[in-house]
Amino acid sequence: MTPPHRDWSPFFVLPDGKRAPTPRSASTPVGIGDRLRAAAFAEIQAREAFSWAGSRYPDAPPRLRAVWADLAAAEDRHLGWLLRRMEELDVDPAGRPVSAALWRSLTSCDDAETFCRWMADAEERGRQAGETIGAALADVDPTTARLFATIAREEVAHIAVASRFFGPDPRA
C-alpha cells in the first residue's frame, strides 16, 4: 500500500533519492537554523507516520493505536516548539531543502511491529542528536539548546513503545 501524499509545508522537500545538504556549523546562526529545520522536519514526518500507522496496520492492537495517536500529538507539540523558535530566530523552514527519507522508510514497513521498531530506531537517533546539539549549543544559543534537550528527554518514552508492545528487540 502506497502511503498518501503529504503536504510538507512550510518545508521545501527534495525529490525522492536526493540527499539534504550537510548542515552548516552549529556555531553560526545559519547552522543553528539548519539543525532546527532538520529537527522540525523529522518531527512532522514522525507525526504523520504515527497518524498514518493508526489506520494502516490491522495487526496493531487498539491500545497501540491509541498510543500512536498520543505520540502524533507529542510530535506535533515538538514541531510547534521548533517552528516557534525558528520564527524567533528568523529561520525560513523552506530556506534549505530537506529529505522525506524518514517518511518513506517508516511507511514501507509491512506490519505494526516492524513500524514500531523502525520508529524506535528513528526516535533514538533523534534523541541522541538532540542531546548532542543541545550540548553543542549550550554556550552559543542556550534557549535553542534547552529546547533540543527537552525534546530529547521526551523521546525516551517514544522509544520505549516498541518494547512495551512487542518485547525486547530481537535485533539487539
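This section describes the helices, nonpolar core, internal spaces and selected residues of a predicted model.

The lengths of two helices were compared with the span expected from their residue counts. Helix 4, which runs over residues 112-137, has 26 residues that should span 38 Å at 1.5 Å a residue, and the 36 Å that separates its end C-alpha atoms agrees with this expectation. For helix 5, the 18 residues should span 26 Å by the rise of 1.5 Å a residue, and the end C-alpha atoms are indeed 26 Å apart. At the start of helix 4, the backbone nitrogen of E113 is approached by a side-chain oxygen of D111, which comes to within 3.3 Å.

The largest nonpolar core comprises 45 residues, and those with the most contacts inside it are Y57, W68, L82 and F115. Two or more residues are given to this core by each of helix 1 (29-56), helix 2 (62-88), helix 3 (101-106), helix 4, helix 5 (142-159) and helix 6 (161-166), and helix 1 gives the most, with 11 residues. The surroundings of Y57 were examined with neighbours within four places in sequence left aside; on that basis, Y57 is in contact with W52, R65, W68, L106, C109, D110, D111, A112 and F115. The contacts of Y57 thus include W68 and F115, which are themselves listed with Y57 as having the most contacts inside the core, and they also include D111, the residue whose side-chain oxygen reaches towards E113 at the start of helix 4.

Within helix 5, the buried residues are T144, A145, L147, F148, I151, A152, E155, H158 and I159. Helix 1, helix 2, helix 4 and helix 6 are among the elements that cover these buried residues of helix 5. A145, a residue of helix 5, has a relative accessibility of 6% and therefore counts as buried, the cut-off being under 20%. Apart from residues up to four places away in sequence, A145 touches G134, L137 and A138. Between A145 and I32, which are 113 residues apart in sequence, the C-alpha to C-alpha separation is 9.7 Å.

Space within and around the fold was examined next. The largest pocket holds about 1,100 Å³ of space, and of its 36 lining residues, those closest to its centre are A38, A39, A42, Q45 and A129. Helix 1, helix 2, helix 3, helix 4 and helix 5 each contribute at least two residues to the lining of this pocket, with helix 1 giving the most, at 10 residues. A search of the whole structure for cavities of 30 Å³ or more finds 1, and the space in the largest cavity is about 40 Å³. The lining of the largest cavity is made up of F50, W68, L71, C116, M119, A120, H158, V161 and A162. At least two residues of this lining come from each of helix 2, helix 4 and helix 6, and helix 4 gives the most, with 3 residues. W68 accordingly appears in the lining of the cavity as well as among the residues with the most contacts inside the largest nonpolar core, while H158, another residue of the cavity lining, is one of the buried residues of helix 5.

A charged residue of helix 1 was also considered. R47 lies in helix 1 and has a relative accessible area of 19%, so R47 falls under the 20% limit and is classed as buried. The side chain of R47 is joined to that of E48 by a polar contact of 2.9 Å. When neighbours within four places in sequence are left aside, R47 is in contact with A72, E75, D76 and L79.

Several features lie outside the helices. In the segment before helix 1, which contains P10, the peptide bond from S9 to P10 is cis, with omega near 20°. R19 is found in the segment before helix 1 and counts as exposed, because its relative accessibility of 77% is over 50%. The C-alpha atoms of R19 and P97 are separated by 8.8 Å, although these residues are 78 residues apart along the chain. D90 is placed in the loop between helix 2 and helix 3, where its phi is near 60°, a positive value in a residue other than glycine. At a relative accessibility of 73%, D90 likewise counts as exposed.

Conventions
Residues are numbered from 1 along each chain as its sequence is written. This is a predicted model: local features need pLDDT of at least 70, side-chain atom pairs count only at pLDDT 80 or more; totals for chains, interfaces and linings use all residues. Side-chain values use heavy atoms; hydrogens and water are left out. Helices (H or I, at least four residues) and strands (E, at least two) are DSSP runs, numbered from the N terminus. The expected span of a helix is 1.5 Å times one less than its number of residues. A polar contact is a pair of N or O atoms within 3.5 Å; within protein, one must be able to donate a hydrogen and the other to accept it, and residues adjacent in sequence count only if both atoms are side-chain atoms. A nonpolar core is a set of buried Ala, Val, Leu, Ile, Met, Phe, Trp, Tyr and Cys residues joined through side-chain atoms within 4.5 Å. Buried means under 20% relative accessible area, exposed over 50%, partly exposed in between (1.4 Å probe, protein chains only). Contact means heavy atoms within 4.5 Å. On a 1 Å grid over the protein atoms alone, a cavity is a set of points where a 1.4 Å probe fits but cannot get out, and a pocket is an open set with protein on both sides within 12 Å along at least five of seven lines; lining residues have an atom within 4 Å of a point. Grid points are joined across faces, edges and corners, and a volume is the space filled by probe spheres set on the points.
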